[in-house]
Every structure is written in structure tokens, then in C-alpha cells.
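Biologist: Please take a close look at one part for me, the interface between the protein chains. Then set it in its surroundings.

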There are 2 protein chains.
Amino acid sequence: MGIVARKEKQKQEVRSLILEESMKLFVEEGFSKVSVRKIAERVQYSPTTLYLYFKDKNEILFYCCESGFKKMLEHNIALGLISDPIERLHQMGVNYLNFGLENPEYYDLMFIQEAPMSALIDMGAGWSSGDQALEALKMIVQDAMDKGVLVHAKVETVAMAVWSMVHGLVSLAIRQRLDKLVPAEDVEKTMHESLDWLLKTMKKA
Amino acid sequence: MGIVARKEKQKQEVRSLILEESMKLFVEEGFSKVSVRKIAERVQYSPTTLYLYFKDKNEILFYCCESGFKKMLEHNIALGLISDPIERLHQMGVNYLNFGLENPEYYDLMFIQEAPMSALIDMGAGWSSGDQALEALKMIVQDAMDKGVLVHAKVETVAMAVWSMVHGLVSLAIRQRLDKLVPAEDVEKTMHESLDWLLKTMKKA
DNA sequence: TTTGAAAACTTAACACTGTTAATTATATTT
DNA sequence: AAATATAATTAACAGTGTTAAGTTTTCAAA
């Protein structure tokens, strides 16, 4: 029985190798430049070998995406220390903006591309990492309402509003749309001002 | 001189034909399925002929995008009749959501894809249609502040916040992310609730 | 230790993609 | 009618994801 377990381990190692090189590749050269053949060249396998370890390219991208979520959640560990819900929500937003601007390729994959979601449907799996992040958001919103620092409303509605707002900021920035509203050098600053404005506005007077 | 003018006219007609068929194609089959060869087949020309009328595929997509903006602006004509700035802003948001959900392929091209912006840079042109829409948004925000129904803040900051919010809603919905927050059948309703919430929240008490 | 089956991997190929250079056909002008 | 522009095409390049068929390697049973 030990032998079949070792084989499985080796298989997992190859899988990991493929994923690692895939991520390096699309962090270095950008999402659109990642191809099955280029990944294969990096891991020193024939292109078709990758299909023995993953169903298709979408599945590879899906796992890269998952690792992006891990990266993102790491940023949010320190959040638990902040007791004021509004301030915690604010810091969560700041983290979100920073993550998106610092890792545009990851962000693209996680929240803009449809490939990972297609893989998700094909695999019959759940969006566990994403769900985790959303759950955290809902918790904070709920907490803020409970403590009376936020006007009462449906939690999903407010969570959706906040998420959409920060996602809108990051995705418009990444896709060069925000520099049509303010000069390119002011984009990042104004993004943070917009977030500040939202938090200040939604805070119960 | 009449002959050179007629030739120019013919050339424009072919250009229009290419653009029309391109738009039909990507409304019918989706953005990702549009290829130069498929467009060429529709207009009954060889694929390479399209390059005599447009620099590249991006340029074709850019002009499709422009026509999307025209479509969008049409929806906003009736807006001038609403005198209350907040309500006007609200209706503008509703129009935005509806346009995005009803024309996902257009929306994708206008606000998510990078191809049209690349063409814009290559052509050395301005984002005139987009600018027009943003200008309208800024005007309303300014008006609302002047009339004292909105807390005073930098116009660009608030405009960015509002735009990002509605864009976030539409783009997350289009890319199947919002159904991770609420059940698929509730997405559209909750989107509108989020927009309502924002407007209600930002309105000066 | 050799045989035979199973697992791992590769080669060749299909049907696409955007795009360029060279070539042919069609008007227009001389 | 011949020469010249203009318009459109064919052939080709370099790339994409993916599948089927063939080859090599690994490993347990004879």
C-alpha cells in the first residue's frame, strides 16, 4: 500500500510544479500571454502531458486563482485586531484596493476572467475561497449593524454595495478606465478618497 | 472631384458594413467568438481585406464600442426631465444597470475588455463617447451639491464612487460572481436594492 | 530474470486564431 | 489599347487549445 501512496505523492508534486510555473509565468508576462505550450516548456514536459494532470487550461487557471485568494486572505489576518466595525470594514477595503493594484494579474483571474468560473462549473466544485472572503465581509457588516454604527438594512444588500464599489474601483483602474475621470497620477489617491467617502457616508451619524 | 468623393463614400459603406456585421456577430455569438475570419465570411470578403479598412481587430472592436456608447446615451435622453438631482442620479444608475444586464456583450467591450483602450492609444484618439457619459455624471453630482441635497465633497471623488459602484455591480453580475453572494434569481433585485441603498445613504439628511 | 500489463509521456494532427507579404483582378487614367 | 492605381485575394507564418494514436518507462507476477 505504501507504493501507491508514494505514486500519488509524486503525481501531486508534478501538479504543484505545473501550478507554480503557471503562476510565475502569468505574474511575469501577464495573464493573456499564458499558454499551455509555454507552461509545458517551463516544466519541461510536452504540452499534452499537462492534460494528464488537469482537465483543461481553465482548470489550471482555477487553481492559480485559488492561490490568489490565499494570498489575499493573508493580508486580512491582522484585521481581527480592529474592534470598531466601521474601521475594520475600512481597512478591509484598503487591503482590497492594495491587493488589486499590487497584483493586477491575480485580481484579473479572481474577479474579472470567466475561465475560473467555467472550471468551477465543469468541476462541480464550490467557490470556497471566494465564499470565505464574502462571509468575512457579511460578518463585519452584520456586526456594524448590531453595534448600531450602521443604518439597519439587509446585510446582503450592503455587502453587495461595498464589494461592488471596491471591485468597481480596482477593475476600472486595471482596465485603464479611471484615468479618463482623473489624471493617471491621481487615480490611486482618488480611489482611496472614494472609499473613505463611502465609509464616512454610510456611518450612522 | 465628384468621383473621388464617391469613392470615399463607397469606402465608408464597406467600413460600415464590416462594423454592422461585427456587431451582429458579437451580440449573437458573444464577444469571445468574434474572429476576423468570421466577420470576413459575413461580409463576403477575404479576411485580409478587412485590414485595408481597419488597422487591426482592436480598431474594429473600438468602433463597435463607440456604437455601444451611442446605444447607452439614448437611454439617458429622458433623464433631463427629472429635476431632483438625486432622483436623476438614481435613474441614471438604474439605466446603467439595465443597459449592462440587457447588453452584456456591449458592456463587456465598453468597460471590461482592454482591446478598445489599446486601439484608442494606437489611434491617438480620445475616449470621446465615454468622456461624454462621465461628464454627464459629474454634472449631476455637482448640481446635487449646489442644491444642497448632497454632502459637499470633491466632485471627482463622489463621481468615481458612484460609477465604480454601478460598474462593480454590472461587471460582477456579468462574470457570475454576484450569484455567490445571493441566489441567482435574487441577483438583479438585490443589485437594484444596493443602488437604492447607496442613493438613500448619500442623500443629505 | 524475463514477460506482460499498466502507467507516463510524446509525436502528429486538427481546427482554430491574428496578421503580413506577395500576387492577381478590377477600375481608372493616359 | 496600354499603363497605372486601386482593390481584393491567396499563401503563409507563428501562434492557440485540444484529441487520438503511438512510444517509452515503470513495476508486479510468472
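Modeller: What follows starts with conventions and one chain, goes through the interface, and ends at the DNA.

This is a predicted model; local features need pLDDT of at least 70, side-chain atom pairs count only at pLDDT 80 or more, and totals for chains, interfaces and linings use all residues. Residues are numbered from 1 along each chain as its sequence is written, while chains are lettered from A and ligands numbered from 1 in the order in which they are written.

Take chain A by itself. Chain A has ten helices and zero strands. Helices (H or I, at least four residues) and strands (E, at least two) are DSSP runs, numbered from the N terminus. Along the sequence, the pattern reads α-α-α-α-α-α-α-α-α-α. Along the principal axes, the C-alpha atoms of chain A fill a box of roughly 65 × 45 × 30 Å.

The domain assignment of chain A, automatic or from a database, gives domain 1 (1-54) and domain 2 (58-202). Their C-alpha centres lie 29 Å apart. Nine residues of domain 1 are in contact with eight of domain 2 in chain A. Contact here is a cut-off: C-beta atoms, placed from the backbone, within 7 Å. On the domain 1 side, seven of these residues are nonpolar, two are polar and none is charged. For these classes, Ala, Val, Leu, Ile, Met, Phe, Trp, Tyr, Cys and Pro count as nonpolar, Asp, Glu, Lys and Arg as charged, and the others, Gly among them, as polar.

Now the interface. Chain A brings 38 residues into contact with 38 residues of chain B. On the chain A side, H6 (104-112), H8 (128-146), H9 (155-174) and H10 (187-202) each supply at least two residues. H9(A) gives the largest share, 13 residues. By class, the chain A side has 20 nonpolar, ten polar and eight charged residues.

How do the copies relate? A turn of 180° and a shift of 0.0 Å along the axis lay chain A on chain B with an RMSD of 0.0 Å. The two copies are thus related as by a two-fold rotation axis. The superposition is by least squares on the C-alpha atoms of residues with pLDDT of at least 70 in both. The same surface serves both copies, with 100% of the contact residues of chain A recurring in chain B.

One helix pair deserves a closer look. H9(A) packs on H10(B) at about 80°, with their axes 8 Å apart. H9(A) is therefore roughly perpendicular to H10(B). Axes are lines fitted to C-alpha atoms, for helices over the stretch in contact, and angles run from 0 to 180 degrees between N-to-C directions. Angles under 35 degrees count as roughly parallel, over 145 as roughly antiparallel, 65 to 115 as roughly perpendicular and the rest as oblique.

Which residues meet there? H9(A) puts in Glu156(A), Thr157(A), Val158(A), Met160(A), Ala161(A) and Ser164(A). H10(B) answers with Thr190(B), Glu193(B), Ser194(B), Trp197(B) and Leu198(B). This contact has five nonpolar, four polar and two charged residues.

H10(A) and H9(B) also pair up: their axes come within 8 Å and cross at roughly 80°. On the H10(A) side, the contact includes Trp197(A) and Leu198(A).

Last, the DNA. Near means that a residue's C-beta atom, placed from the backbone, lies within 6 Å of the strand. Strand C has 18 residues around it, and Ser46(A), Ser35(B), Val36(B), Asp56(B) and Lys57(B) come nearest. H1 (2-28) of chain A and H2 (36-43) of chain B each give two or more residues to that surface. Strand D is also surrounded by 18 residues, the closest being Ser35(A), Val36(A), Asp56(A), Lys57(A) and Ser46(B). For strand D, H2 (36-43) of chain A and H1 (2-28) of chain B each supply at least two residues. The surface near strand C has seven nonpolar, five polar and six charged residues.

Terms used. Contact = placed C-beta atoms within 7 Å.
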